[in-house]
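Visitor: I am new here and would like to be shown around. Could you explain the terms as we go?

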Amino acid sequence: MKKNLIAFAVLASMVTGLTGCGQTETNKEAPSVNLDYLNINLDEGNSEITANLKVITHRTDLVNTVFADYEKEFQKLYPNIDIEFEGITNYEGDMTTRLSSGDWGDICMIPATVNKSELSMYFEPIADYDDISSKYEFMAEKMYDGKVYGIPSMGNVMGVIYNKAVWESAGITESPSTPEEFIDDLKKIKENTDAIPLYTNYSAGWTLTAWDAYIGGTATGDEGFMNNTIVHTSSPFSKKDDSTGPYAVYNTLYEAVANGLTEDDPTTTDWEGSKSRMNNGEIATMVLGNWAVSQVKSAGENPDDIAYMPFPITVNGQQYATTNADYMYGINVNSSADEKQASAIFIKWLTEKSGYAFKQGGVPAVKGAEYPDVLSDFSDVKLVIDSPAPAGEEDLFAKINNESELSLNADYTHVARIIESAIDHSETMEEIAQSWNDVWTSAQESNNVTVN
């Protein structure tokens, strides 16, 4: 187990290595293009635009199926724009390395390792924030100095995937709304069914970063938590008496593992296999974004058994769910003018015409668009979209996050540490949280942050 943690640390250093690697030689001469994104008319099409686009994606499972069909549909409108998809399994690490070369393709999903102040080094500005934010959600996530560099493939509502049939067999009739209720329900599943109550997907590594996505709006109800509050808060990982905040999220995982409510050996978990195992009832619950629901539904013969519930934290009587962008499409700043324009057209088609977000169970990026049925359990939950950082502090969270070496939302070693410590009882959750507070405080001090 400890050897795995060392391996994770090596990967973490690679993933966070993009910061400061600098502007590539090629982008100094790249053509500047007015993409006029908002005025692209997808209903008319255009046979005169010619380009060969390479699209890098994390969705390796869709390259030869859904995405191949998208190309055919898109070419009915733009017959001379050819598209090649390339899927990457270790997306964050590999794409981070490839970005610095400048020669990787035309469209990619922007890695979380790119700080906002670095966006212009690698990606073409797509629109002005003030113009596009009235039409699209999540525009602040890849915005810097008033320019938007990324368009969301969809939005994720952060909740919990579960097998309804298993939960009902365990005698559970209501969704839990607190960490304590959640742990009690997992115990009922263990006692009354043969299913694994909670599957960690430890071995995959990247799946563990999902836990970071709940510590903001979901755990606090504060839309400014991730880009402002946590930066200026003293000891933000400390335990709170009302079972809210970041500690409550991570402690939910710690308690599940410590109480034997997860798989027997985390080192043997298998992400691809977990989808079919959950579909057939061998796994009861997984903590992942709603993007994973459609994958689990399609992994077996029991799609109707798979549902999505809010994460079990209640703040002053109200449940919240962080809603943020999934990976966002970015256009290579080094591409030719024709390739950039064709890329903007294809991104807009993916966003507004393909139906990708709806079919994948996500929140459409276009404001006012229809939500998928999988989010029906969230009717009484308040959705929280992270607000942008204050002017002048756009990169402050990234700086503290990197300097503390916690790498929230980018690396998974801190979450792996929770699982390992809960198994061998080497550390309590409070001891882990205190060590995180220590490194966070040190990073705040080195960046002269005013702490409340």
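**A guided look**

Guide: Welcome! Let us begin at Asn201, which sits in the loop between H7 and helix H8 (217-220). Please keep in mind that this is a predicted model.

Visitor: What makes Asn201 count as buried?

Guide: The cut-off for buried is under 20% relative accessible area. Asn201 has a relative accessibility of 2%, so it counts as buried. Asn201 also has a positive phi of about 55 degrees, although it is not a glycine.

Visitor: And Ser235, how is its exposure described?

Guide: Ser235 lies in the loop between helix H9 (225-232) and H10. Its relative accessible area is 27%. Buried would need under 20% and exposed over 50%, so Ser235 is called partly exposed. Ser235, which is not a glycine, has a positive phi too, of about 50 degrees.

Visitor: Let us turn to H7. How do you know what span to expect for helix H7?

Guide: The expected span is 1.5 Å times one less than the number of residues. Helix H7 (residues 179-192) has 14 residues, and 20 Å is expected for it. From its first C-alpha to its last, H7 reaches 20 Å, close to that expected value.

Visitor: Which residues of H7 are buried?

Guide: They are Pro179, Phe182, Ile183, Asp185, Leu186 and Ile189.

Visitor: Why do the buried residues of H7 line one face of the helix?

Guide: Looking down the axis of H7, you find its buried residues within an arc of 160 degrees, so they line one face. The partners they pack against are strand E9 (159-163), helix H6 (164-169), helix H10 (245-258) and strand E10 (285-286).

Visitor: How many cavities of 30 Å³ or more does the structure hold?

Guide: There are two. The largest cavity holds about 70 Å³ of space, and the second largest has a volume of about 50 Å³.

Visitor: Which residues line the largest cavity?

Guide: Asn201 returns here as one of the lining residues, and others include Tyr199, Trp211, Leu253 and Met286. The lining divides into seven nonpolar residues, three polar and no charged.

Visitor: What gives the most to the lining of the second largest cavity?

Guide: Strand E1 (residues 51-57) does, with three residues. The residues lining this cavity include Val55, Ile56, Thr57, Phe67 and Tyr329. By kind, the lining of the second largest cavity has seven nonpolar residues, one polar and no charged.

Methods. Residues numbered from 1 in each chain as written. Predicted model: local features only at pLDDT ≥ 70, side-chain atom pairs only at ≥ 80, totals over all residues. Heavy atoms only, no water. Helix = DSSP H or I, 4+ residues; strand = E, 2+ residues; numbered from the N terminus. Buried < 20%, exposed > 50% of the residue type's maximum accessible area, 1.4 Å probe, protein only. Arc of directions from axis to C-beta. Contact = heavy atoms within 4.5 Å. 1 Å grid on protein atoms, 1.4 Å probe; cavity = no way out; pocket = protein on both sides within 12 Å on 5 of 7 lines; lining within 4 Å. Points joined across faces, edges and corners; volume = space filled by probe spheres on them. Nonpolar A, V, L, I, M, F, W, Y, C, P; charged D, E, K, R; others polar.
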